[in-house]
Amino acid sequence: MTSRPGVRRGPSAARGPSAAGGASQAGDHQGWKLLYLVAGASSILFVFLLITALVIDFMAPPPVHGGAATLEFIASNKAGYVAEQILWILPNIFPVLVFAALFVALSAYRKSLPLIALVFGALPWALLLAVPVSSRGSLNLVYLSDRFMAAGTEDERRTYATAAEAIIAENNTPAIVGALSALGILLMGLAMLRADKASFPRYLAWIGIATGALGVVSEVLRHAAPGFYWGYGVLLWVWFIATGIALIRLSRRAD
């Protein structure tokens with residue numbers, strides 16, 4: 001059947017609704033190339049920086065109990081300790097970029113679930129930048145160590161050791177932010193299941209769901225069942241690397 005006189009069909013109408021929808025989805029990614037590229041690179045760099053911190057930790061593990069012992073350890077290993085703490089804390093900004101990029105990419109298909117995942121997933125990492133502990137120490141302990149070693153009396157040394165004990169106790173207290181971040185990964189994986197396969201591979205969605213589910217359990221039972229936490233840590237690194245690769249590939253299609 002021919003079209004009516006005076007009515008011209010556009011290219012999208014000629015190709016049909018599915019083609020128009022595909023063009024619209026492709027257009028949703030326009031202008032986000034830099035975000036996808038930076039977030040993808042940040043996701044991979046995040047893992048490598050944490051592995052570097054872990055290597056330093058294994059080479060000279062700091063005490064996890066005893067204020068005086070910790071302050072003495074820092075005094076004799078200051079450079080390595082400071083480097084390790086920076087590597088644990090500073091990279092926490094990278095997951096914020098990753099979750100922001102995932103939200104932008106997935107909001108073309110679903111808006112509510114990616115937004116909820118963004119809040120739960122990114123906010124905990126941002127808050128950790130303001131917390132003075134890294135679960136393996138604290139930069140605040142460096143100052144206490146200097147004062148401890150310079151103290152002239154046992155009472156002064158005991159005061160600084162007691163202050164260090166308070167920070168160490170905070171290090172060993174399970175934080176709810178960890179469970180919230182894992183929940184964000186779980187929700188982001190669920191959002192990926194409804195997205196176009198061309199944006200993110202289906203296996204990445206399932207890795208996210210598995211990582212998030214294990215992460216919630218592991219964070220809650222962090223000290224009761226530490227074996228789960230180690231498994232979650234490895235799976236978390238796998239998720240960040242796989243997500244980084246997917247975002248870099250997405251950036252190449254966002255021209």
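1. I would start with a single residue, because Ser-138, at 0% relative accessibility, counts as buried. This serine lies in the loop between helix 7 and helix 8, the latter covering residues 140–150. The side chain of Ser-138 reaches the backbone nitrogen of Asn-140 at 3.1 Å. Please keep in mind, here and in every point below, that this is a predicted model.

2. Gly-137 lies in that loop too, between helix 7 and helix 8, and at 5% relative accessibility Gly-137 counts as buried, because buried means under 20%. The C-alpha atoms of Gly-137 and Ala-164 are separated by 9.9 Å, although the two residues are 27 residues apart along the chain.

3. Is Thr-153, in the loop between helix 8 and helix 9 (154–171), buried or partly exposed? With a relative accessible area of 41%, Thr-153 is partly exposed, since that label is kept for values between the 20% cut-off for buried and the 50% cut-off for exposed. The side chain of Thr-153 reaches the backbone nitrogen of Glu-156, at 3.2 Å.

4. Turning to the chain as a whole, there are 12 helices and zero strands, and of its 255 residues 39% count as buried. Among contacts between residues at least 6 apart in sequence, 79% join residues at least 24 apart. The chain exposes about 13100 Å², and carbon and sulfur atoms supply 68% of that area.

5. How far should the model be trusted from place to place? The mean pLDDT of the chain is 83, and 84% of its residues reach 70 or more. Confidence is lowest in helix 1 (residues 11–15), where the mean is 43, and highest in helix 6, where the mean is 95. Over residues 1–27 the pLDDT stays under 50, and for this stretch the model has four contacts beyond four places in sequence. Where pLDDT is low, the predicted coordinates should not be read in detail.

6. The largest nonpolar core has 42 residues, and those touching the most other members are Phe-99, Leu-102, Met-192, Phe-200, Phe-240 and Leu-247. Several helices each supply at least two residues of this core, among them helix 3 (33–59), helix 6 (93–106), helix 10 (176–193) and helix 12 (226–252). Apart from this core lies another, of 12 residues, which includes Ile-74, Val-133, Ala-164 and Ile-167.

7. Which residues does Leu-247 touch, not counting residues up to four places away in sequence? Leu-247 touches Tyr-36, Ala-39, Gly-40, Val-98, Ala-101, Leu-102 and Phe-200. A student could follow these partners one by one in the viewer.

8. Helix 3 invites a simple check of geometry, because at 1.5 Å a residue its 27 residues should span 39 Å, and its end C-alpha atoms are 39 Å apart, which agrees. The buried residues of helix 3 are Tyr-36, Ala-39, Gly-40, Ser-42, Ser-43, Phe-46, Val-47, Leu-50, Ala-53, Leu-54 and Asp-57. When reading such a list, it helps to recall that an α-helix has 3.6 residues a turn, so residues three or four places apart point the same way.

9. Trp-239 is found in helix 12, and at 1% relative accessibility Trp-239 counts as buried. Leaving aside its neighbours within four places in sequence, Trp-239 is in contact with Phe-99, Leu-102, Ile-185, Leu-204, Ile-207, Gly-208 and Thr-211. Two of these partners, Phe-99 and Leu-102, are also named among the core residues that touch the most other members. The C-alpha atoms of Trp-239 and Ile-44 are separated by 9.7 Å, while the two residues are 195 residues apart along the chain.

10. The last residue to discuss is Gly-215, which is found in helix 11 and is buried, with a relative accessible area of 0%. How many residues apart in sequence are Gly-215 and Ala-179? They are 36 residues apart in sequence, and 6.6 Å apart in space from C-alpha to C-alpha. When its neighbours within four places in sequence are left aside, Gly-215 is in contact with Ala-182 and Tyr-232.

Conventions. Residues numbered from 1 in each chain as written. Predicted model: local features only at pLDDT ≥ 70, side-chain atom pairs only at ≥ 80, totals over all residues. Heavy atoms only, no water. Core = buried A, V, L, I, M, F, W, Y, C linked by side-chain atoms within 4.5 Å. Buried < 20%, exposed > 50% of the residue type's maximum accessible area, 1.4 Å probe, protein only. Helix = DSSP H or I, 4+ residues; strand = E, 2+ residues; numbered from the N terminus. Contact = heavy atoms within 4.5 Å. Polar contact = N/O pair within 3.5 Å; in protein donor to acceptor, adjacent residues only side chain to side chain. Expected span 1.5 Å × (residues − 1). pLDDT = per-residue confidence, 0-100. Areas by Shrake-Rupley, 256 points an atom, 1.4 Å probe, with all protein chains shown as cover.
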